Structure formats: C-alpha cells, structure tokens
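Reader: Got a minute to walk me through this one? I'd like the strands, the core and the charged pairs.

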Amino acid sequence: MIQAAVLGYGTVGSGVVEVLHKNREIIAKRVGEEIEVKYILDLRDFPGDPFEDKVVHDINLILDDPDISVVCETMGGTKPAYQFTKDALLKGKSVCTSNKELVASYGPELLQMAAENNCSYLFEASVGGGIPIIRPMNTSLAPENIVKIKGILNGTTNYILTKMAKEGASFDTVLKEAQEKGYAERNPEADVEGYDACRKIAILSSLMTGKNVDFSKIYTEGITKITARDFEYAKAVNKSIKLLAVSERTDDGVSILVAPFMLGAEHPLCGVNDVFNAVYVTGNMVGDLMFYGHGAGKLATASAVVSDVMECAGNIGKNIPVLWESDNLPLLDMKECTRKFFVRVAMKDRGAVLNSFGKIKEIDITDDEFGFITDSMTEKEFDTRMKGLREVLSVIRVENEE
C-alpha cells in the first residue's frame, strides 16, 4: 500500500482526499496497489468530517514517517508551502502540487532537489486545473519543438468576458455577479489584472523552452479597461475579446505576454466560454493541438493532483524527469513584436488617425467616436503613431488570423 499525506484541507486538498477515496478501486487497479491518505495537515480541526481522524497539525509527523511516499501540497502561496515542499523532497518523498505560485517561483530549484533525492516534483494541476497539459508536454509532445502556446488560462476572466459579450453588461456589473456566484474572489486582482494567467504561461513557457521564465518579466495587462462598447465593435467584425496568454518562439527569441485580444470567430479559442479554459499548442511536427476543459474547481483540480500521485506511486525511489533548467530565458522586447491593434478614439481625432496610420480598417457603429483596426506593425511603431491622438478611448491587440 502506498501511503500519502495532504498538506492543506481547503477546497483542493479536500477534493484530493475525496477523489482518492471515491475512486480508490480504479486507482488501485491502475497503480497496482492501493493509495491511502494517512495524514491531512491543517491548522484547523474538522469535527464531524469523515476524515477528521487523519487531521494533524505538525508537519514533522509527516516528514519523519518513513511510510509516507507521496505528499500532496495544496496549501497555496509560498509560505510555508516552499519550506514544507523542500523538507519533503530532502526526505525522498515525492511532492505533487496545484500551487502555481510556488511552481512559477521555485520550479527549477524544487525539480533539481527532487532529482538529487530520487523522488519527483509534479505539478499537473498548477496550470489548467483538470485539463491535462503538463504531462502531455513532458511525454506525448516530447519529440516536438513547440513553437507557440496560446491559452485562455483563467476561468474568472473568461466568465466575465463571456457575460459581457453575450449580455452587453459592464465589467463592474459582471464582476459583482461572478463574486456572488463564487467564480471570483472578494479581492479579484490576481485574476482580473492577469497575474494568475501570467504565472501559468510562465510555467508552460519554461516547459516549452527548457529554460526558466521569470514571470515578473512578462508584460501583463488585465481586463478592467474592457467595456461593453468594445464588444460592440468586436461583434461588428465577427470577433470577440479574450484574455490570452501567448508564448511564441521566433528566429529572434521568445516573446511572451498576457493581454486582452480581439480574436476572430474562426479561431478555436474564440468558442471557449464561461469558466472553461483552453491551451492551444503548436508543434513544428504535429501542428496545432488544443486542450480544453475545466480550468479550476475542487474535483477537476483534485483529479489532476491525483493523476500525479498515481504517477509517483508507480515510480517510488525514482525521479520522473522534467526538463526545466535554472538558467533564466531572455525574453524579446515586446515593443519589437509585430501585430495589429484595435483603437477607439473620439470623433475629433479621426483626421489625425488617417494622417498618422494611413491604411486602416474602419468600423462604423456610432457617430460620437471612431473605431479602426491597424495594419501589422511593431508595438514601438504603434506607440509612436498614437502620440498625435488627443482622446484615446480604448486599445486592444488583435490576434493574427490563423
């Protein structure tokens, strides 16, 4: 029997225990032996909970127990999760986590520590919740030179943008509704400002390149400035607006950003709505692939953690290698990247627009302002051309048609 411990008995941690319990028979058949949760670490007690007898408050009970082979870290944040993870790996215990903040901040160090101690550090659930994406990149796509990743990596923002598109509602109105339904936190900053998606694309980009991507170096823009009027313009040209995380390998290097994009209706990501997530991967041999599903949620995320637990259970005393070196990957200057832009300006700026941008695609939906899509140009050139405009109402990047 494989014995495991769960650190943190919140939403995901309790889900891990539930998945291991409810699906124990099929898990045992696939692993070859049963997996049992021996300890649940939490500061709280849980009187009346079916697993209350497994709750402990001292991490050392887990670290010092030689029977514990796998630790599930579902605490979130970096403190004390970072220290607990290191201590477990140093004891030769594999660690499976859903903690994107920890993985994005310390991934190479923890992977190296796992390799040195003949155990594993796996993090399938850190990106895309229940969507299988980390393991496919490490195994099924191992022969590929992945050249591009585009993803809708945050369910909260995707829900908000979907509702704005369908109902013509304002950002503030839909955010309040999302909070009432539990889709958005009371403090939604990490989601709506793009920070959550930024950490996730940093992890995926690190796996894509094999080098460490520092998430603090990624240009990140949220959705708080998107308006119902923007969606009217998008609809007029058969597009929608999505918060995309984009990582692309070119001859000059790798560019990464998180920002709202206008996306054509024909693109597969345009049909990803509500709280669903999707990751669109392009390999140099296999071509385009899309992974789609629930990007968050108790049982979806827990299922991904348990898949890692099963992988570790089948490799006790061995390291499951993950290519992610500690050297930081230099990123291309975003200002040198080429793309199209959607712009809204006051009608008084129409003449200045035509003078500055020349060839544009006009979008006429109202008499009180002027909307257009530019030709392709670098972000630096776009900034220069925008200097002559007096009242800019909105700027949204336009994803290149596939």
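Author: We can take the sheets, then the core, then the salt bridges.

Reader: Before that, what kind of model is this?

Author: This is a predicted model.

Reader: Fine. In what order do the six strands of the open sheet run?

Author: The order is β3-β2-β1-β4-β5-β6, and the pairing is parallel.

Reader: Which strands stand at the edges?

Author: β3 (55–56) and β6 (121–122) do. Each has a single partner strand, so one side of each has no neighbour in the sheet.

Reader: And what packs on the sheet?

Author: Helix α12 does. It touches β1, β2 (35–41), β4, β5 and β6. The direction of α12 makes about 165° with that of β5.

Reader: Go to β4. How many of its residues are buried?

Author: Six of its six residues, 68–73, are buried.

Reader: How many bridges join β1 to β4?

Author: Five, and the two strands run parallel. Glutamine 3 stands opposite isoleucine 68 of β4 there.

Reader: And between β4 and β5?

Author: Four bridges, again with the strands running parallel. Glutamate 73 stands opposite threonine 97 in β5. β4, helix α4 (residues 81–90) and β5 also make a β-α-β unit, and it is right-handed.

Reader: How many bridges pair β5 and β6?

Author: Two, in the parallel sense. Valine 95 stands opposite tyrosine 121 in β6.

Reader: Back to α12. Where does threonine 301 lie?

Author: Threonine 301 is in helix α12, which covers residues 298–313.

Reader: Buried or exposed?

Author: Buried: its relative accessible area is 7%, and the cut-off for buried is under 20%.

Reader: What is threonine 301 in contact with?

Author: Leaving aside neighbours within four places in sequence, the contacts are Val12, Ser98, Ala125, Gly129, Gly130 and Ala296.

Reader: Now β13. How many of its residues are buried?

Author: Seven of the nine, so β13 is largely enclosed by the rest of the structure.

Reader: Which strands does β13 pair with?

Author: β16, β17 and β15 are among its partners. Two bridges join β13 to β16 (residues 377–378), antiparallel. Six bridges pair β13 with β17, also in the antiparallel sense. With β15 (residues 369–374) there are five bridges, antiparallel too.

Reader: Which residues stand opposite each other?

Author: Threonine 338 stands opposite threonine 378 in β16. Phenylalanine 341 is opposite arginine 397 in β17. Valine 345 has phenylalanine 370 in β15 as its bridge partner.

Reader: New topic. Which residues touch the most other members of the largest nonpolar core?

Author: Ile62, Phe123, Ile160 and Leu204, out of 110 residues in that core. The largest share of this core, eight residues, comes from α10.

Reader: What does phenylalanine 123 touch?

Author: Among others, Thr97, Val103, Leu111, Ile134, Ile203 and Trp324, not counting residues up to four places away in sequence.

Reader: What lies apart from the largest core?

Author: Another core, of 13 residues, which includes Leu244, Ala259, Leu263 and Leu269.

Reader: On to charges. How many salt bridges are there?

Author: The count comes to 29.

Reader: Where do lysine 200 and aspartate 196 lie?

Author: Both are in helix α10 (residues 195–209), four residues apart, about one turn of the helix. Their side chains meet in a salt bridge at 2.8 Å, N to O. Both lysine 200 and aspartate 196 are buried.

Reader: Which residue meets aspartate 327 in a salt bridge?

Author: Lysine 211, at 3.9 Å, N to O. Aspartate 327 lies in the loop between α12 and β13, and lysine 211 in the loop between α10 and β8, so the pair ties together parts 116 residues apart in sequence. Aspartate 327 is partly exposed at 45% relative accessible area. Lysine 211 is partly exposed as well, at 28%.

Reader: And what meets glutamate 391?

Author: The side chain of lysine 348, in a salt bridge of 3.3 Å, N to O. The two residues are 43 apart. Glutamate 391 sits in the loop between α14 and β17, lysine 348 in the loop between β13 and α13. At 35% relative accessibility, glutamate 391 is partly exposed.

Reader: Last one. Which residues are linked in a network of salt bridges?

Author: Arg229, Asp230, Glu232, Arg344, Asp368 and Glu369 are.

Key: Residues numbered from 1 in each chain as written. Predicted model: local features only at pLDDT ≥ 70, side-chain atom pairs only at ≥ 80, totals over all residues. Heavy atoms only, no water. Buried < 20%, exposed > 50% of the residue type's maximum accessible area, 1.4 Å probe, protein only. Contact = heavy atoms within 4.5 Å. Salt bridge = Lys/Arg side-chain N within 4 Å of Asp/Glu carboxyl O. Core = buried A, V, L, I, M, F, W, Y, C linked by side-chain atoms within 4.5 Å. Pairing = 2+ DSSP bridges. Right-handed = clockwise from strand over helix to strand, strands pointing away. Axes fitted to C-alpha atoms, helices over the stretch in contact; angles between N-to-C directions.
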